[in-house]
Amino acid sequence: MTKTTFYYALLLALCQASVSAAWVTVANTNANLSSYNKQAQSSETTLYAQDRRHFVTSSLSIIGSCALTGTTLLTPLPSHAATSPQQQKDKDNIVKGYNRLQYLLDNWVDKTTVCKIGQETTFGDKCERTPVVVMEYLGFKSTSDPLFKADTAMLRLKDLVPSDREVDFYDAVDAFAQNAEEASSMAFVSSWGEANPGGGKDRVALFIERAKNNVIASRDALKTIIDILDLKA
């Protein structure tokens, strides 16, 4: 149960208590009036009856308003009604980031291969493999990238998460943050893979494979978040 649902339920309980108290008061008023009518027949009785009718009418009005308020508050609002401009931007960026990671994985070899024109690499080749581009796709290169500080953007959407998916949501946010950071680290280390002592193409290939696994895990975490928030990828 979310805090919002708890407070709404508490309000409804208070309303129900008020309804019960009001009806008890009405019943007591009726009993008192009946006893009073037996004891006297005068203009005061008429005035008392008028006061009683006014009280009953007012009580019923309060009861109706209270019940209506509780029912309205407990009625779930459409998800779009609670979405702020910032939240909409965060949603769009999550979907864009997911699609970019999918594109990177679909074109992994091409995107992780760099060919230098007019210049040879360490081992005389003009093309070499490097996962450095991974940092760009995961939002570590530019503040304008869809996944820049993506975990922070995801947490801004926590109020839109159904109560029964909160655990899955936070697990997915943690999984993305962890794997994105590891992929970025592998990409950075790989840039020195051939130059370091004992380095070589096999070491670069190892870093590339590790980075790819992290990118896959990051994409899957984003897909989970997209499903939880009911977004269209």
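1. In this predicted model, helix α3 supplies four residues to the lining of the second largest pocket, which is the largest share of that lining. Both α3 and α6 (150-155) contribute at least two residues each. The pocket encloses about 190 Å³ of space, and of the 13 residues that line the second largest pocket, those closest to its centre are Asn93, Thr143, Asp145, Phe148 and Arg156. Sorted by class, the lining comprises three nonpolar, five polar and five charged residues.

2. Helix α3 also packs against another helix, α8 (residues 201-228), with axes that come within 10 Å and cross at roughly 145 degrees, and the crossing of α3 past α8 is left-handed. The residues of this contact divide into eleven nonpolar, three polar and three charged. On the α3 side the participants include Ile94, Val95, Leu101 and Leu105, and on the α8 side they include Val215, Ile216, Leu222 and Ile226.

3. Tyr98, which lies in α3 (residues 85-106), is among the residues that meet α8. Because its relative accessibility is 12%, and buried means under 20%, Tyr98 counts as buried. Leaving aside residues up to four places away in sequence, Tyr98 touches Arg219, Leu222, Lys223, Ile226 and Ala233.

4. The pair Tyr98 and Lys223 deserves a separate remark: these two residues are 125 residues apart in sequence, yet their C-alpha atoms are 7.1 Å apart in space. Lys223 is also listed among the α8 residues in the contact with α3.

Technical notes. Residues are numbered from 1 along each chain as its sequence is written. This is a predicted model: local features need pLDDT of at least 70, side-chain atom pairs count only at pLDDT 80 or more; totals for chains, interfaces and linings use all residues. Side-chain values use heavy atoms; hydrogens and water are left out. Buried means under 20% relative accessible area, exposed over 50%, partly exposed in between (1.4 Å probe, protein chains only). Contact means heavy atoms within 4.5 Å. Axes are lines fitted to C-alpha atoms, for helices over the stretch in contact, and angles run from 0 to 180 degrees between N-to-C directions. A crossing is left-handed if the near helix is turned anticlockwise from the far one by less than a right angle, and right-handed if clockwise. Ala, Val, Leu, Ile, Met, Phe, Trp, Tyr, Cys and Pro count as nonpolar, Asp, Glu, Lys and Arg as charged, and the others, Gly among them, as polar. On a 1 Å grid over the protein atoms alone, a cavity is a set of points where a 1.4 Å probe fits but cannot get out, and a pocket is an open set with protein on both sides within 12 Å along at least five of seven lines; lining residues have an atom within 4 Å of a point. Grid points are joined across faces, edges and corners, and a volume is the space filled by probe spheres set on the points.
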